[in-house]
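Open the structure in your viewer and keep the selection panel at hand. The tour begins with a short stretch of chain and ends with the whole chain.

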Amino acid sequence: MFTVESRKLLRAISSFILLVILFVMVPKVRSSAAIVPVIPQVTIISAQPIGSSYLEVQATMSGMVIREDQSQGTYKVPITLLYPQDASMCNGSALVDVINSVFYETYDFVGTQSDPFFPSLFPIGRLTLGDTFIQTHGYVYAQAQWNKLVLERQRSAGTLSDPTFHIDVGTDGYAILRDLSAFLRSPANSVNGPESLPCSADNVIAFGYSQTGMLLRQFYFAGLNTKLVNSSVFDDGLVFEGSLHATPGSRCRSLTDQSHWYSYSYTDCSGATPKSQGKVITFNTETDVQIINGWKARSTNSSSQKYYRLYELAGTSHIPATLFPLKLVGIRPLEMAEQNYVDTGPVLRAMLEHLREWIEGSGEPPVNEYLQGKVDRLTTPLFTDQSWGNDNQQVYLFQLGVDGNALGGIRLPHLRTVLPGGNVIGGPLGFYRGVECNNDPTQSNFILECQISGDANIYNIVGGTFIPYASGQCASFYDSYETYLNEVTDAVAYAVVQGWVLPEEADAIIALAAQQSQDFPGCVSNVSPNN
């Protein structure tokens with residue numbers, strides 16, 4: 001028989017055992033901000049049709065941030081959306097264009113009433129991919145202001161369009177990107193407004209270029225693509241299922257909580273992004289390989305091809321004239337060499353489609369493509385630590401082919417390419433360089449004697465150079481316009497087979513090459529615009 005006291009003791013022991021069992025069985029909650037679900041609120045301001053079937057929406061997104069240290073903050077930022085009015089046109093993927101605001105790091109006038117480019121914000125994903133591509137391929141497109149520097153500069157200058165726009169601390173920009181991805185997955189939970197809602201995205205892809213390519217590279221190396229997951233809408237545990245990092249070199253850009261709310265570094269930013277963070281395609285032009293240590297973004301681990309691909313583009317520049325014509329806007333002096341005109345958009349569009357199919361499991365991107373050359377060293381850095389760094393004096397010297405242009409990498413039809421069987425294709429019109437140094441760029445080591453430097457010159461330097469061949473220099477390549485056009489056509493066909501450009505763009509690329517032979521006469525003889 002148990003006494004009253006023994007029964008009480010048994011009950012106490014039983015209760016203690018039950019508590020221990022519950023403690024063991026209940027899932028632990030981390031103290032990170034990443035696991036606290038906070039739904040962003042989107043308020044539509046205006047909407048208008050774009051193209052034949054899309055809607056362009058201007059809106060605001062507001063939210064609360066619960067940080068890793070349990071401190072809290074809020075934000076309210078402008079966003080732009082493009083999406084099909086008919087949900088059946090959606091391809092199931094949304095694209096977050098991490099808007100580029102690098103001018104705010106370079107020029108004091110940016111964001112003020114005297115800013116000739118105001119608001120000096122560049123949706124480079126939209127500019128390089130194009131609305132036609134976005135619409136015909138059924139993407140939902142979104143961009144949001146993530147940069148506290150932009151809002152504070154405009155607030156100080158009295159140019160902020162809505163005084164309630166704010167980001168409490170610089171690092172909250174990461175949460176804004178996360179919340180935009182969450183909204184795109186479940187827009188019905190967030191939208192205030194009468195307009196039809198964008199279709200819900202199964203997968204969200206991030207796109208960053210230059211400044212924001214470096215930002216996304218940091219996002220991945222810091223593990224934020226998993227750490228910031230805070231809701232079941234991220235059903236595979238990733239903020240972004242995939243990411244296209246364009247022109248980052250091997251440099252990372254971090255958000256900070258001190259003015260100016262950012263820093264750049266090469267530290268811990270080399271090689272493939274971590275496997276745990278999901279699929280990434282990195283895209284570097286000749287510029288980025290040569291002066292931003294882009295060669296260090298190459299992976300030495302063959303197994304990384306399961307989640308990371310790297311493409312280096314020969315004969316292209318960080319800022320081609322098709323993206324931002326430096327002479328036309330008054331940044332590059334008229335007496336300086338012509339800016340590299342080669343459009344990298346066709347490759348970016350192809351790689352985005354490859355990335356989408358890779359995520360969906362319906363295809364894989366092409367194999368990695370690297371430029372050929374060797375590493376050398378400058379006597380003094382080209383830039384300060386406020387842009388591309390005084391912590392880097394290494395440069396990459398390219399091996400040049402018979403046409404005087406870099407060998408290896410992805411090769412578009414403006415370059416000569418030797419096929420495996422020995423045939424040579426492609427229609428160059430001159431020397432294409434990723435860097436402008438205000439000297440003779442025809443030799444591979446021209447970068448070692450660069451005549452311009454400094455952060456104020458960064459855009460001229462990275463706009464690259466095009467030097468037309470001297471009269472008659474092309475004769476060994478093609479003796480007539482017809483031969484030139486055949487060489488270009490063969491090069492485009494090869495690029496399509498390699499997966500470097502989309503088949504649907506082949507005719508337009510050939511037509512553009514035909515036009516360029518007239519824009520830069522003297523190389524191709526017997527040019528006939530009627531051919």
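## A strand with two faces

Select residues 262-265, which form strand 11. The model is predicted, and the side chains of this strand alternate. Tyr262 and Tyr264 point to one face and are buried. Ser263 and Ser265 point to the other face and are not buried.

Next, add residues 252-255, which are strand 10. In which sense do strand 10 and strand 11 pair? The pairing is antiparallel and runs over four bridges. To see one place where the strands face each other, select Ser254: opposite it, in strand 11, stands Ser263. Ser263 is also one of the residues on the face that is not buried.

Now show the link between the two strands. They form a hairpin with six residues between them. Select Trp261, which has a positive phi near 70 degrees.

## The whole chain

Zoom out and color by secondary structure: the chain has 13 helices and 19 strands. Along the principal axes, its C-alpha atoms fill a box of roughly 110 × 55 × 55 Å. The radius of gyration is 26 Å, which agrees with a compact globule, because a globule of 531 residues would have a value near 24 Å.

Color by burial next. Of the 531 residues, 58% are buried. Then show the surface: the chain exposes about 21800 Å², and carbon and sulfur atoms supply 54% of that area.

Last, select the charges. There are 32 positive and 49 negative ones, and their mean positions are 12 Å apart.

Conventions: Residues are numbered from 1 along each chain as its sequence is written. This is a predicted model: local features need pLDDT of at least 70, side-chain atom pairs count only at pLDDT 80 or more; totals for chains, interfaces and linings use all residues. Side-chain values use heavy atoms; hydrogens and water are left out. The radius of gyration is taken over C-alpha atoms; the globule rule is 2.2 Å times the number of residues to the power 0.38. Buried means under 20% relative accessible area, exposed over 50%, partly exposed in between (1.4 Å probe, protein chains only). Accessible areas come from the Shrake-Rupley method with a 1.4 Å probe; for residues, only the protein chains shown count as cover. Lys and Arg count as positive and Asp and Glu as negative; His and the chain ends are not counted. The place of a charge is taken as NZ of Lys, CZ of Arg, CG of Asp or CD of Glu. Two strands pair if DSSP finds at least two bridges between them.
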